[in-house]
Amino acid sequence: MSLSAIPLPAGATLQAGRGGLPCLAIDTPACTGEIYFHGAHVTAWQPHGHGPVLWMSRHSAFEPGRPIRGGIPVCFPWFGPHPSDPSRPPHGFARLSPWTLDRVERRIDDAVAVTLSLRTGADDLRHWPHPCALTLEATFGRQLVVALSVRNDGDSPCMFQEALHTYFAVGDVRQVAIEGLAGTTYVDKVRGGEHFRQDAAPIGFTGETDRVYLDTESTTVIDDAAQGRRIAVEKQGSRTTVVWNPWIAKAKAMPDFGDDEWPAMVCVETANALDNALTLAPGDGHRLQASIRVE
Ligand code: TA6
């Protein structure tokens, strides 16, 4: 179906975005937002009465085959480097792929729900031998609800990892505290991938931080003291929460990340990764959901 054939409700506008990539701009009494078809990538959400909730790098690429830096990258079917082949793209191919716009619907309370889909096709199967049907639904309203659904259309079990790799805008990460993960075991990628147990204190940031919290279904809260706000991230269908800030050296090492941008962001990612990887039987499906609101 051509893009022009898809009916758009009031508050949703089809645009040629950065790099000429197609995107939908959302503007209703509830919020403004933006989602690109490239990677089914949410790049903006701002509920009325609040500042932008998602962070975007000023240096992000917007071109086929390259990930967008910021917003909510969709990581699938692996998380981080490919388990065995370093030539494969980090965080999988879903965020590098052109997704298809399926429908845009107006919901109650001035929310707009955008649904895109991707089928892992032959060109992906070289990287990954499983035909799957992916759906990404982003509902832009007074809260932002993003759901990634995966269905195994193959005839053998399919093991995968996944993440909604959300970049949050904060006033100063050095004044941020993250609540909700006390007592949870995490893999610390800054300390050799060793396992540690989070103590009772909220997570603070004094250097590069890259932690994969396992076996947790908890809601996390980002206390952004510098902006005097708290952001809650509630999740369903997720056993992993990833917390990341690159800090100074890692920020300098990334070409699509400004050297001075690291204090303004923190990633709190809703995932199923590492030990929490999932296996779907043929015909089975799974839904991963993050619900984000400013408290
Ligand atoms: O989720 C944290 C992480 O895995 C970090 O290790 C860092 O690599 C980050 O993702 C960004 O990855 P990217 O491939 O988008 O540069």
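Through how many residues does a hairpin join E2 to E3? In this predicted model, the hairpin that joins strand E2 to strand E3 does so through 3 residues, and the views below begin there.

**View 1. Strands E2, E3 and E4 pair one after another.** Strand E2, covering residues 22-27, runs antiparallel to strand E3, covering residues 31-36, and 5 bridges join the two. Within this pairing, Leu24 has Ile35 of E3 as its bridge partner. Strand E3 is also joined by 6 bridges to strand E4, residues 41-47, and this pair too is antiparallel. Here the bridge partner of Tyr36 is His41 in E4. The hairpin of E3 and E4 has 4 residues between the strands, and in this hairpin Gly39 takes a positive phi near 75 degrees.

**View 2. Strand E22 pairs with E9 and with E18.** Strand E22, residues 285-294, runs antiparallel to strand E9, residues 144-152, with 8 bridges joining them. One bridge of E22 places Ser291 as the partner of Val145. Strand E18, residues 229-236, also pairs with E22 in the antiparallel sense, over 6 bridges, and in this case Gln236 has Gln289 of E22 as its bridge partner.

**View 3. The largest nonpolar core and the surroundings of Phe140.** The largest nonpolar core holds 72 residues, of which Trp99, Val114, Leu136 and Phe140 touch the most other members. Strand E8, residues 132-140, gives the most to this core, contributing 5 residues. When neighbours within four places in sequence are left aside, Phe140 is in contact with residues that include Ile26, Cys31, Ile35, Val42, Trp45, Val112 and Val114. A second, separate core has 9 residues, among them Cys75, Phe79, Val242 and Ala273.

**View 4. Ile108 in the loop between two strands.** Ile108 lies in the loop between strand E6, residues 100-106, and strand E7, residues 112-119. Is this residue, Ile108, buried or exposed? Ile108 is exposed, because its relative accessible area is 69%, which is over the 50% that marks an exposed residue. Although Ile108 and Gly141 are 33 residues apart along the chain, their C-alpha atoms are separated by 9.0 Å.

**View 5. The largest pocket and its lining.** The largest pocket has a volume of about 350 Å³. It is lined by 17 residues, and those closest to its centre are His91, His165, Lys189, Asp210 and Trp244. The lining of this pocket divides into 8 nonpolar, 3 polar and 6 charged residues.

Technical notes:
Residues numbered from 1 in each chain as written. Predicted model: local features only at pLDDT ≥ 70, side-chain atom pairs only at ≥ 80, totals over all residues. Heavy atoms only, no water. Core = buried A, V, L, I, M, F, W, Y, C linked by side-chain atoms within 4.5 Å. Buried < 20%, exposed > 50% of the residue type's maximum accessible area, 1.4 Å probe, protein only. Contact = heavy atoms within 4.5 Å. 1 Å grid on protein atoms, 1.4 Å probe; cavity = no way out; pocket = protein on both sides within 12 Å on 5 of 7 lines; lining within 4 Å. Points joined across faces, edges and corners; volume = space filled by probe spheres on them. Nonpolar A, V, L, I, M, F, W, Y, C, P; charged D, E, K, R; others polar. Pairing = 2+ DSSP bridges.
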